[in-house]
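Please open the model in your viewer and follow the stops below in order, making each selection before reading on.

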Amino acid sequence: MLIKKPSDVRPSEITPREVYQSRRQFIAGAGAALASASALALPSAWLDERGYRADDPIGEAMTPEADAKRYNNFYEFGTDKSDPAAYAHEMTIDPWAVKVDGLVKNEKTFGIEDLLSGIDMEERIYRLRCVEAWSMVIPWIGFPIKKLLDKVEPLGSAKYVAFETLFRSSEMRGTRSLFSSIDWPYVEGLRLDEANHPLAILAIGMYGDVLPNQNGAPIRLVVPWKYGFKSIKSIVRIRLTDKEPPTTWNLLQPSEYGFYANVNPTVDHPRWSQASERRLPSSLFDPNRIATRMFNGYEEVAPLYAGMNLRRRY
Ligand SMILES: Nc1nc2c(c(=O)[nH]1)N[C@H]1C(S)=C(S)[C@@H](COP(=O)(O)O)O[C@H]1N2
Ligand SMILES: [Mo]
């Protein structure tokens with residue numbers, strides 16, 4: 001079973017209020033430099049019971065928490081895998097607002113707590129497959145995007161969902177780099193029916209804790225059947241449209257990165273094979289190379305693409 005049913009997560013373990021209170025408690029109490037798990041008032045049973053060492057429900061070992069938090073892509077903070085963990089703390093995430101607008105009945109700018117109110121959190125243990133041919137298995141805490149879309153009620157004319165990351169160059173040193181060819185803010189998009197798929201989530205936490213900044217705090221997209229670049233971090237705007245929205249990697253290199261970006265072992269990147277991946281942690285002596293699966297193993301999404309040529313719509 002890929003999805004941990006909400007009924008399996010006891011309400012006492014994770015609720016948005018608990019997660020956010022713990023963050024608030026931490027921000028109010030400790031200095032920003034002392035972000036340690038022990039400072040967070042998470043229910044102790046949560047970590048004791050899971051520990052995040054055992055195999056997960058998909059039968060693959062979870063990536064150690066430390067690796068998932070220090071090996072990142074978040075170009076706003078630099079292009080090295082270690083840059084986000086080193087510099088993302090410079091991003092202010094409290095207060096945080098998300099504007100949801102476009103083709104919806106109720107346009108609204110939500111404070112993060114308002115956005116989460118009335119939404120139950122679930123734990124989802126998903127494979128994350130980067131287009132660079134490495135992968136991880138990460139336990140997220142979040143909720144289906146559909147639950148947020150239901151709050152604003154998309155109009156019948158809405159066909160796509162466009163997402164936008166915070167762009168605040170004073171706090172994002174990667175965006176100040178002369179070598180950056182990205183046209184900020186980082187933008188991504190999904191077809192509305194993809195966004196409404198129950199596997200597509202907005203995550204606010206991982207490994208039983210709130211998201212660290214380098215992983216996209218306070219709220220990010222996670223679309224497990226697509227290459228990692230679709231899973232846009234630190235979202236400030238969600239817009240419903242009737243046209244396919246521009247996406248950052250496609251703008252940069254359209255022949256290499258498509259709008260769909262479904263994980264597909266039979267369609268190679270122009271510069272490398274996508275048939276296999278390095279499952280992290282890996283090393284020179286133990287590359288831990290495994291076969292890549294269609295839709296990253298989430299074949300239940302196949303009906304979304306019935307009749308589409310996935311070689312052409314990569
Ligand atoms: N705003 C923003 N979101 C982003 C990126 C980025 O550079 N900026 N990188 C993407 C890529 S390429 C990947 S593989 C995943 C990595 O997520 P992780 O660091 O939490 O593992 O984030 C995605 N989301
Ligand atoms: Mo990626």
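Select asparagine 72 together with ligand 1: in this predicted model, a polar side-chain atom of asparagine 72 lies 2.8 Å from an oxygen atom of the ligand. Add tyrosine 75 to the selection, and look this time at the backbone, where an N or O atom of tyrosine 75 lies 2.8 Å from an oxygen atom of ligand 1. Then add threonine 165, which places a polar side-chain atom 2.9 Å from a nitrogen atom of ligand 1. How much of ligand 1 does the protein bury? Taken alone, ligand 1 exposes 530 Å², and the protein buries 99% of that.

Now widen the selection to the whole shell, in which 17 residues surround ligand 1, the closest being Asn72, Tyr75, Glu76, Arg220 and Lys233. Coloured by residue class, this shell divides into 8 nonpolar, 6 polar and 3 charged residues. If you display pockets, look for the second largest one, which is the space taken by ligand 1.

Next, turn to the aromatic side chains, among which a search of the whole structure finds 10 pairs. Select tyrosine 71 and tryptophan 134 as one of them: the ring centres are 5.2 Å apart and the planes stand at 85°, and because planes over 60 degrees apart count as edge-to-face, the pair belongs to that class. With the backbone trace switched on, you can see that this pair links distant parts of the chain, 63 residues apart. Tyrosine 71 is in the loop between helix 3 (65-70) and helix 4 (83-87), whereas tryptophan 134 is in strand 4 (residues 134-144).

The last stops concern the backbone, and a general expectation helps here: most residues other than glycine have a negative phi, and most peptide bonds are trans. Select aspartate 94 and proline 95, whose connecting peptide bond is cis, with omega near 10°; proline 95 is found in the loop between helix 4 and strand 1 (97-102). Move on to leucine 280 and proline 281, which are also joined by a cis peptide bond, here with omega about 0°, and note that proline 281 lies in the loop between strand 11 (276-279) and strand 12 (289-291).

Which sign does phi have at tyrosine 207? Tyrosine 207 is not a glycine, yet its phi is positive, at about 50°, and you will find tyrosine 207 in the loop between strand 7 (201-206) and strand 8 (209-210).

Key
Residues are numbered from 1 along each chain as its sequence is written. Chains are lettered from A and ligands numbered from 1 in the order in which they are written. This is a predicted model: local features need pLDDT of at least 70, side-chain atom pairs count only at pLDDT 80 or more; totals for chains, interfaces and linings use all residues. Side-chain values use heavy atoms; hydrogens and water are left out. A residue is near a molecule or strand if one of its heavy atoms lies within 4 Å of it. A polar contact is a pair of N or O atoms within 3.5 Å; within protein, one must be able to donate a hydrogen and the other to accept it, and residues adjacent in sequence count only if both atoms are side-chain atoms. Accessible areas come from the Shrake-Rupley method with a 1.4 Å probe; for residues, only the protein chains shown count as cover. On a 1 Å grid over the protein atoms alone, a cavity is a set of points where a 1.4 Å probe fits but cannot get out, and a pocket is an open set with protein on both sides within 12 Å along at least five of seven lines; lining residues have an atom within 4 Å of a point. A molecule sits in a cavity or pocket if more than half of its atoms lie within 2 Å of its grid points. Ala, Val, Leu, Ile, Met, Phe, Trp, Tyr, Cys and Pro count as nonpolar, Asp, Glu, Lys and Arg as charged, and the others, Gly among them, as polar. Rings of Phe, Tyr and Trp (its six-membered ring) pair if their centres lie within 6.5 Å; planes under 30 degrees apart count as stacked, over 60 as edge-to-face and the rest as tilted. Helices (H or I, at least four residues) and strands (E, at least two) are DSSP runs, numbered from the N terminus.
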